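Student: I would like a close look at a single part of this model, the aromatic rings and what surrounds them. Please keep the answer connected.

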There are 2 protein chains.
Amino acid sequence: MTKARSYKLLCPIARALDRIGDRWTLLILRDLHAGPARFSELQRGLTGIAANLLTERLAKLADDGLIEKQDAGHGTTVYELTDLGRQTGNVIFELAMFGGQFKPEVPTIRPGNLRTVATTLGAAAKRVPTDDLSFRAELRVDGEAIDLQVENGTINARYSASANPDLIFTTGYEALLAMSEGEMEPNVFLRDHADLDVKTPGKEAEFLMLMTRVTDLLTG
Amino acid sequence: MTKARSYKLLCPIARALDRIGDRWTLLILRDLHAGPARFSELQRGLTGIAANLLTERLAKLADDGLIEKQDAGHGTTVYELTDLGRQTGNVIFELAMFGGQFKPEVPTIRPGNLRTVATTLGAAAKRVPTDDLSFRAELRVDGEAIDLQVENGTINARYSASANPDLIFTTGYEALLAMSEGEMEPNVFLRDHADLDVKTPGKEAEFLMLMTRVTDLLTG
């Protein structure tokens, strides 16, 4: 991983790949784009990664200045993206756009966490118009939460509870999966498998507009 | 490479990485974005890749529908991107943008080919305004050529000679390197180390405007 390579003239692509050209590294970055995470959270979300491999990738990312450790209080340490690390957002975003056209080839399993949903949602939402939207929503999926903030044409999706959300959208993983795979109509999903708790009247329309645009983008 | 993986709900990022989440694969795609290439050309450009590894990566890319073999006449076969493969352009582009901020950490060596320059140039040029530009230029670097076409706000850079270029820009690898690394002033580079053969009067100004914008983007 860390041995010197030969660089090519004007080859920023190779220089990028020396830092983030590794599958696990990109998956770690994906999860951290959803917000800071503890080692155990990352390990649980990255199904199949060995602890020593995760340790090695995190050390390389820290060496390269893409992530840093932070004291999260109560004796816990979290990893989070640095400013440089956040600049990988566009790469992650384009990977999501490219991969969105492929169907899962094997049975989908319950993820260890929903960080991937937060990152993908945030990435996809950057490609749809949001100038007409302004709200804060909490998405709860089987007890886990994503904090979704939309304002002034910018969007932020984090794996976290929301402070004072305009609405709380609650659903289950199986139903969300069936809907996203086209096996359940969105209106059936909304009617029978989702609950919308509106705290600020009128915001549910804006929320559903965003979800419709994102779903169209990811499935279209 | 090809064993089934567990997919996550809404994780197009992981699905993308199963296809292009490998350093050599991304470098092969980088080179093919500059135009079709023979096996031997790819091998020469990808310093350090073993023939069997290149064979394996090409087979995987073909299996996934990202590249295909084409008969290039005279008994030669070339690999080229499919429509699906061309959709990786945005990922390559964002890698170039992310990597552009890092300086080479080891002495730069002469690349086996200049495809990387064509791909990076094409990627970078997509981020600068070109609506005011319309020209076709051939860039010759130590005898290799890049065909650069700009029209109607779109740009196409290929590792190839140009048909009827408006201008031919000739330089050498060492000087281009020194200029791109900030060790030589652009005006000194243009005066002493480059030759501009203008076929269509006035087009040199448009060409230099594009090069200035791209250089500013990559170094700024």
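Student: Which ring does the charged end of Arg19(B) sit over, and at what distance from its centre?

Tutor: This is a predicted model, and the values below are computed from it. The charged end of Arg19(B) sits over the ring of Phe102(A), 3.7 Å from the ring centre. A contact of this kind is also found with the chain letters exchanged: Arg19(A) lies over the face of Phe102(B), and the distance to the ring centre is 3.7 Å.

Phe102(B) has an aromatic partner as well. Its ring centre is 5.3 Å from that of Phe98(B), and the planes meet at 75°; an angle over 60 degrees counts as edge-to-face, so the pair is placed in that class. Phe102(B) counts as buried because its relative accessibility is 11%, under the 20% cut-off. Phe98(B) is buried too, with a relative accessible area of 3%.

Over all chains, the count of aromatic pairs comes to eight. One of them joins Phe169(A) and Phe207(A), with 5.3 Å centre to centre and 45° between the planes, and is tilted. Phe169(A) belongs to strand 6 (residues 167-171) of chain A and Phe207(A) to helix 10 (residues 203-219) of chain A, so this pair ties together parts 38 residues apart in sequence. Phe169(A) and Phe207(A) are both buried. They also belong to one aromatic cluster, together with Phe135(A) and Phe189(A).

Phe135(A) leads on to the nonpolar surroundings. Leaving aside neighbours within four places in sequence, Leu210(A) is in contact with Phe135(A), and its other contacts include Leu148(A), Val128(A), Leu133(A) and Ile155(A). The largest nonpolar core has 134 residues, and those with the most contacts inside it are Leu148 and Leu210 of chain A and Leu148 and Leu210 of chain B. In soluble globular proteins, nonpolar side chains tend to be buried together.

A further aromatic residue, Tyr173(A), is placed in helix 8 of chain A. Tyr173(A) is buried, at 1% relative accessible area. Its C-alpha atom is separated by 9.8 Å from that of Gly143(A), 30 residues away along the chain.

As for confidence, chain A has a mean pLDDT of 85, with 89% of its residues at 70 or more. Among the elements of chain A, helix 8 (residues 173-180) has the lowest mean pLDDT, 78, and helix 4 (residues 51-63) the highest, 97. Over residues 1-9 of chain A the pLDDT is below 50, although this stretch has 31 contacts in the model beyond near neighbours in sequence. Where pLDDT is low, the predicted coordinates should not be read in detail.

Note on methods: Residues are numbered from 1 along each chain as its sequence is written. Chains are lettered from A and ligands numbered from 1 in the order in which they are written. This is a predicted model: local features need pLDDT of at least 70, side-chain atom pairs count only at pLDDT 80 or more; totals for chains, interfaces and linings use all residues. Side-chain values use heavy atoms; hydrogens and water are left out. pLDDT is the predictor's confidence in each residue, from 0 to 100. Helices (H or I, at least four residues) and strands (E, at least two) are DSSP runs, numbered from the N terminus. Contact means heavy atoms within 4.5 Å. Rings of Phe, Tyr and Trp (its six-membered ring) pair if their centres lie within 6.5 Å; planes under 30 degrees apart count as stacked, over 60 as edge-to-face and the rest as tilted. Buried means under 20% relative accessible area, exposed over 50%, partly exposed in between (1.4 Å probe, protein chains only). A charge sits over a ring if NZ of Lys or CZ of Arg is within 6 Å of the ring centre and within 35 degrees of the ring normal. A nonpolar core is a set of buried Ala, Val, Leu, Ile, Met, Phe, Trp, Tyr and Cys residues joined through side-chain atoms within 4.5 Å.
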